Amino acid sequence: MISKQPTGERLLLEELPDRWRGLREAGPVRYDATQGVWQVLDHQSVATVLADPATYSSDLSALTPTQPDFETFRQGNFVGMDPPAHRRLRALVSQAFTPRVVQGLGPRIEAVCARLLDAVADRDRFDLVEALAYPLPIIVIAELLGIPAGEHRLFQEWAGVLFGGDQLGEAPDMADLERALEAIAPTVREMNGYMLEHIRARRADPGDDLTSRLIAAEVDGVRLRDEEMVGFVALLLVAGHITTTALLGNAVVAFDRHPGTHAALRADPARIPAAVEEVLRWLPPFPELGRRVTRPVVLGGHELPADTLLMAHLGAANRDPARFAAPDVFDVTRSPNPHLTFGHGIHFCFGAPLARLEARIALRMLHERFRMLAIPSYEDIAYQNPAVIVGVRQLPVEVGRP
């Protein structure tokens, strides 16, 4: 099956890296007057920023719009925290969400994948996002947290609102962000209330799930407050699942755009982990990370004043020719592959091991089930708003079975 695309048109997922490369051509650090932010674009400078939380703070509350319904979420969202608060919260959460817990999910991920693929066993065409990429990580994380299966659909609805970006253009300013926060506040309020009720129910009747382990976690006599758990549980459930959804969709698009990739991975599944890392480098789901400059600093030859908003551009850094050989070549055998998609330093993505495991298992099982997997028409792909997340909303595929 040959994928069809209108002559002369390019995919959004191919245009974005071109834009990122164009940004870097102006130098490693540049000021974006339209958005009023500094952009850091080369691999070394981005890594420097992410590794220095004292100079480049993750707490952006002083620079970005606030909204009351987000305050509960912020209490446990250590992505937006600096030490020592970040260290305390991450240490507590790490007691419950261990590497052993993640690795132990392998058989369950396989079982969920099998069930989802069985549901389309009689179809030659289906939407990969709807059939697999969305429900897989939602089901896995919800089960991990001890949330009833019948309520999993809630989280997909919440994520659709939070990450849809329907209120934003591709270059939003602070006024756009403020309007977006107001628009999604009712969803955040509903999510917070649900999570708080679930946590209190587990506190009264603990089970063998991550929520119960979070309640029991203790470091130096300190435990997580309910409000802190709300932020972390919501972060894991919503941000955690959308990353895997984007990664799986991006992988299938990237493989389809590079003929022979599916066949090579089907013939040698041991190459799938390296292929996943190349997809992460090629199309990071969240290509920018915001930081607040805490003191005057010189970076990339520019003087940045205190309380400046800075965006560490992972997408551009992942294409830095000073760090990657042939950075504009999609190479599923690339090794080493020091991409920064999951961050760097103390804020390295907490859910990265789970996202990697889900993607590896899902791609392996897709190749086992289907001798052919192709995108019949690129005109039918629907994209996420790249100002929020790089990925697809809809991805119709055509399959052939052995």
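The following passage describes strand pairing and nonpolar cores in a predicted model. Local features were considered at pLDDT of at least 70 and side-chain atom pairs only at pLDDT 80 or more, whereas totals for chains, interfaces and linings use all residues. Residues are numbered from 1 along each chain as its sequence is written, and side-chain values use heavy atoms, with hydrogens and water left out.

Strands (DSSP runs of E, at least two residues, numbered from the N terminus) were taken to pair if DSSP finds at least two bridges between them. Strand β7 (residues 288-293) runs antiparallel to β3 (residues 56-57), to which 2 bridges join it, and Ser57 stands opposite Arg292 of β7. Strand β7 is also joined by 6 bridges to the antiparallel strand β10 (residues 308-313), where Ala312 is the bridge partner of Leu289.

An open sheet is formed by 3 strands in the order β4-β14-β11, with antiparallel pairing; its edge strands, β4 (125-127) and β11 (372-374), each pair on one side only. Strands β4 and β14 (residues 396-400) are joined by 3 bridges, and Phe126 has Val397 as its bridge partner in β14.

The largest nonpolar core (buried Ala, Val, Leu, Ile, Met, Phe, Trp, Tyr and Cys residues joined through side-chain atoms within 4.5 Å, buried meaning under 20% relative accessible area with a 1.4 Å probe, protein chains only) comprises 108 residues, of which Leu136 and Leu395 touch the most other members. Helix α12 (residues 226-257; helices are DSSP runs of H or I, at least four residues) supplies the largest share of this core, 17 residues. Another core, of 16 residues, lies apart from it and includes Tyr56, Leu299, Ala317 and Leu340.

Notes. Buried means under 20% relative accessible area, exposed over 50%, partly exposed in between (1.4 Å probe, protein chains only).
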